[in-house]
Amino acid sequence: MHSSVLPPSSAYDQYQWHLPKNSSKYSVFIPMDDIRDGKVSINMTSDQVSKDDIWAMREEVIRLIPNIVYANPRSTMESLEDAFSIAVKGVLERVGNIRKITWEGKDPSIA
């Protein structure tokens, strides 16, 4: 299993519109403090993931690729949403939610 160490904010937060909320379907989270404190190693944790789980995660990552890449505008990806389409959709939903909250007389900055 190939490993990469990223703080949660690097993918889980920045790509919240692009990646499913259930990150355990495509990644293994290891707290950075546990690695730094020597409580766990990346290799040790990777070795504990079953081959079936690794294959399932790979399949999920392959399925997610269109969500995190930007399609060439001349491509034929009409049936798939690329990262740009997902981001625009997320922004429009957020603007809609803010408009609704404002219309209700609430402060959108605390919603």
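Q: Which residues does E60 touch in this predicted model, leaving aside residues up to four places away in sequence?
A: E60 touches P20, K25 and Y26. The model is predicted.

Q: Where is E60 placed?
A: E60 lies in helix 4.

Q: Why is E60 called buried or exposed?
A: Buried means under 20% relative accessible area. E60 has 10%, so it counts as buried.

Q: Which other residues of helix 4 are buried?
A: Besides E60, the buried residues of helix 4 are I54, M57, L64, P66 and N67.

Q: How do you know that the length of helix 4 agrees with its number of residues?
A: Helix 4 covers residues 51-68, which makes 18 residues. At 1.5 Å a residue, these should span 26 Å. The end C-alpha atoms are 25 Å apart, so the two values agree.

Q: Where does helix 4 bend, and which proline follows?
A: The bend is at I62 and comes to about 30 degrees. P66 follows within four residues. P66 is also one of the buried residues of helix 4.

Q: What makes E60 and R63 a salt bridge?
A: The cut-off is 4 Å between a side-chain nitrogen of Lys or Arg and a carboxyl oxygen of Asp or Glu. The closest N and O atoms of E60 and R63 are 2.6 Å apart. The pair therefore qualifies.

Q: Why are E60 and R63 separated by about one helical turn?
A: They are three residues apart in helix 4, so about one turn separates them. An α-helix has 3.6 residues a turn, so residues three or four places apart point the same way.

Q: Why is R63 called partly exposed?
A: Partly exposed lies between the buried limit of 20% and the exposed limit of 50%. R63 has 48% relative accessibility, so it falls in that range. Its partner E60 is buried, at 10%.

Q: How many salt bridges does the structure hold?
A: The structure holds four. The E60 and R63 pair is one of the salt bridges.

Q: What makes the contacts of E104 with K100 and K106 salt bridges?
A: The limit is 4 Å. E104 and K100 meet at 3.8 Å, N to O. For K106 and E104 the closest N and O atoms are 3.4 Å apart. Both pairs therefore meet the definition. Shared partners join K100, E104 and K106 into one network.

Q: Why are K100 and K106 called exposed, and E104 partly exposed?
A: Exposed means over 50%. K100 has 52%, so it counts as exposed. K106 has 51%, so it is exposed too. E104 has 41%, so it counts as partly exposed.

Technical notes. Residues are numbered from 1 along each chain as its sequence is written. This is a predicted model: local features need pLDDT of at least 70, side-chain atom pairs count only at pLDDT 80 or more; totals for chains, interfaces and linings use all residues. Side-chain values use heavy atoms; hydrogens and water are left out. Helices (H or I, at least four residues) and strands (E, at least two) are DSSP runs, numbered from the N terminus. The expected span of a helix is 1.5 Å times one less than its number of residues. The bend at a residue is the angle between axes fitted to the seven residues ending there and the seven starting there. Buried means under 20% relative accessible area, exposed over 50%, partly exposed in between (1.4 Å probe, protein chains only). Contact means heavy atoms within 4.5 Å.
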